Amino acid sequence: MIGSADFLALQKLLQDRCGMQLTSDKLYLVASRLGPVALKLGLKSVIDLMTELRVRPRENLVTAVIEAMVTHESLFFRDLKPFEQMSRIVLPDMMRSRASAKKLRIWSAACSSGQEPYSIAMQIREDFSHHPGWRWEIVGTDISDPILARAGSGAFSTFETGRGLSPERLARHFLPIPGHGHRVTDAVRSMVSFQRHNLLEPAAHLGQFDIVFCRNVLIYFDAPTKARALDLIARQMAPDGVLFLGSADSIIGVTTRFAPHPQERGMFRLAPAAPMARTA
Ligand SMILES: C[S@@+](CC[C@H](N)C(=O)[O-])C[C@H]1O[C@@H](n2cnc3c(N)ncnc32)[C@H](O)[C@@H]1O
């Protein structure tokens with residue numbers, strides 16, 4: 001049984017390094033997720049791993065622990081609606097206002113194994129490939145290197161392609177890998193790039209984005225951490241940019257940086273800047 005000092009140290013590490021809130025009702029997760037890490041690192045138990053983490057927090061140990069504790073759950077076209085809203089409402093407007101530059105940049109922040117950025121690419125190919133000359137840059141970022149390596153391969157198991165993809169989409173955007181699932185076509189793959197990025201750190205190196213998807217990651221953060229991540233995202237958005245949050249991501253009372261779309265759930269725009277206070 002892991003002691004309270006070790007649990008507190010783990011809570012602090014996860015909060016500081018990736019924003020994750022580990023509440024005491026999640027104690028069961030510690031044993032089930034860190035057991036295999038301890039084994040892999042040649043340690044006798046999770047208790048030994050905790051001690052090592054407190055006494056000698058080597059970077060490879062810390063990274064392995066964070067990797068084991070975060071949740072990478074994702075699926076293609078998750079919730080459907082944001083992809084439909086992007087295509088029906090956001091992109092037609094943005095393509096008019098960017099008709100001379102013919103370039104759009106979309107950020108899938110916390111993209112996990114890539115289902116989200118590839119879904120964005122597929123949606124665009126289906127709805128806008130009759131608009132020649134446009135450059136689409138979809139950037140997927142995540143804190144986890146192993147999950148980004150998987151995303152970058154573009155390969156998915158039969159279980160994964162069975163979640164969220166119609167047979168038509170599978171046939172149109174994927175090629176079978178003999179004996180092991182499917183890989184996205186080069187046409188889809190070439191629209192997406194991947195980079196490691198922690199949402200708690202400035203993102204200026206990623207450049208400016210017209211659309212940001214940041215879904216199903218803020219739920220793991222406390223309110224001040226959500227506010228910080230959202231502020232950093234806001235700084236990377238075009239003035240008329242649109243942010244899509246997940247259906248469980250509430251930002252009410254968390255930030256004034258974004259305003260919800262009056263009719264479209266889950267869609268947000270940058271809020272107008274608050275007027276400067278007058279000094280006498
Ligand atoms: C549940 S998945 C969500 C994937 C996708 N956005 C979706 O909605 O299907 C959450 C992802 O957030 C990543 N993550 C957790 N903390 C992060 C942080 N501080 N910065 C960047 N990514 C983070 C995890 O590695 C994980 O892949």
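Strand β8, residues 237-245, has seven of its nine residues buried, so the rest of the structure largely encloses this strand. Keep in mind that we're looking at a predicted model here.

What does β8 pair with? Take β7 (residues 209-214) to begin with: five bridges join β7 to β8, and the two run parallel. Within that pairing, Phe213 sits opposite Phe244 of β8. Then there's β10 (residues 267-270), joined to β8 by three bridges, this time antiparallel. Here the facing residues include Leu243, which stands opposite Phe268 of β10. As a general point, side chains in a regular strand alternate between the two faces of the sheet.

The link from β7 to β8 is worth tracing. Together with helix α11 (residues 223-234), these two strands make up a β-α-β unit, and the unit is right-handed. Two residues give a feel for the helix and what follows. Ile233 belongs to α11, and is buried, because its relative accessible area is 1%, under the 20% cut-off. For a sense of span, Ile233 and Glu160 are 73 residues apart along the chain, and their C-alpha atoms are separated by 29 Å. Gln236 comes in the loop between α11 and β8. Is Gln236 buried or exposed? Gln236 counts as buried, at 9% relative accessibility. Its side chain isn't idle either: the side chain of Gln236 reaches the backbone oxygen of Gly207 at 2.9 Å.

On to the ligand. There are 19 residues around the ligand, and those that come nearest are Ser74, Arg78, Ala110, Asp142 and Asn216. By type, the shell splits into seven nonpolar, seven polar and five charged residues. A few side chains put a polar atom by a ligand oxygen, as listed here.

| Side chain | Partner | Distance |
|---|---|---|
| His72 | oxygen atom of the ligand | 2.8 Å |
| Ser74 | oxygen atom of the ligand | 2.6 Å |
| Asn216 | oxygen atom of the ligand | 2.7 Å |

How much of the ligand's accessible area does the protein cover? On its own the ligand has 610 Å² of accessible area, and the protein covers 98% of it.

Asn216 ties the ligand back to the β-α-β unit, since the residue is placed in the loop between β7 and α11. At 17% relative accessibility, Asn216 counts as buried. Its backbone is a bit unusual to look at, too: phi of Asn216 is near 65 degrees, a positive value in a residue other than glycine.

Leu80 makes a nice companion case. Phi of Leu80 is near 55 degrees, again positive in a residue that isn't glycine. Leu80 is placed in the loop between α4 (59-69) and α5 (81-97). Leu80, though, is exposed, with a relative accessible area of 54%.

Elsewhere, there's a small sheet to look at. Three strands in the order β3-β5-β4 form an open sheet with antiparallel pairing. Its edges are β3 (155-156) and β4 (174-176), each of which pairs on one side only. Between β4 and β5 (residues 182-184), which run antiparallel, there are three bridges. Leu175 stands opposite Arg183 of β5 in this pairing.

How values were computed:
Residues numbered from 1 in each chain as written. Predicted model: local features only at pLDDT ≥ 70, side-chain atom pairs only at ≥ 80, totals over all residues. Heavy atoms only, no water. Buried < 20%, exposed > 50% of the residue type's maximum accessible area, 1.4 Å probe, protein only. Helix = DSSP H or I, 4+ residues; strand = E, 2+ residues; numbered from the N terminus. Pairing = 2+ DSSP bridges. Right-handed = clockwise from strand over helix to strand, strands pointing away. Near = heavy atom within 4 Å. Polar contact = N/O pair within 3.5 Å; in protein donor to acceptor, adjacent residues only side chain to side chain. Areas by Shrake-Rupley, 256 points an atom, 1.4 Å probe, with all protein chains shown as cover. Nonpolar A, V, L, I, M, F, W, Y, C, P; charged D, E, K, R; others polar.
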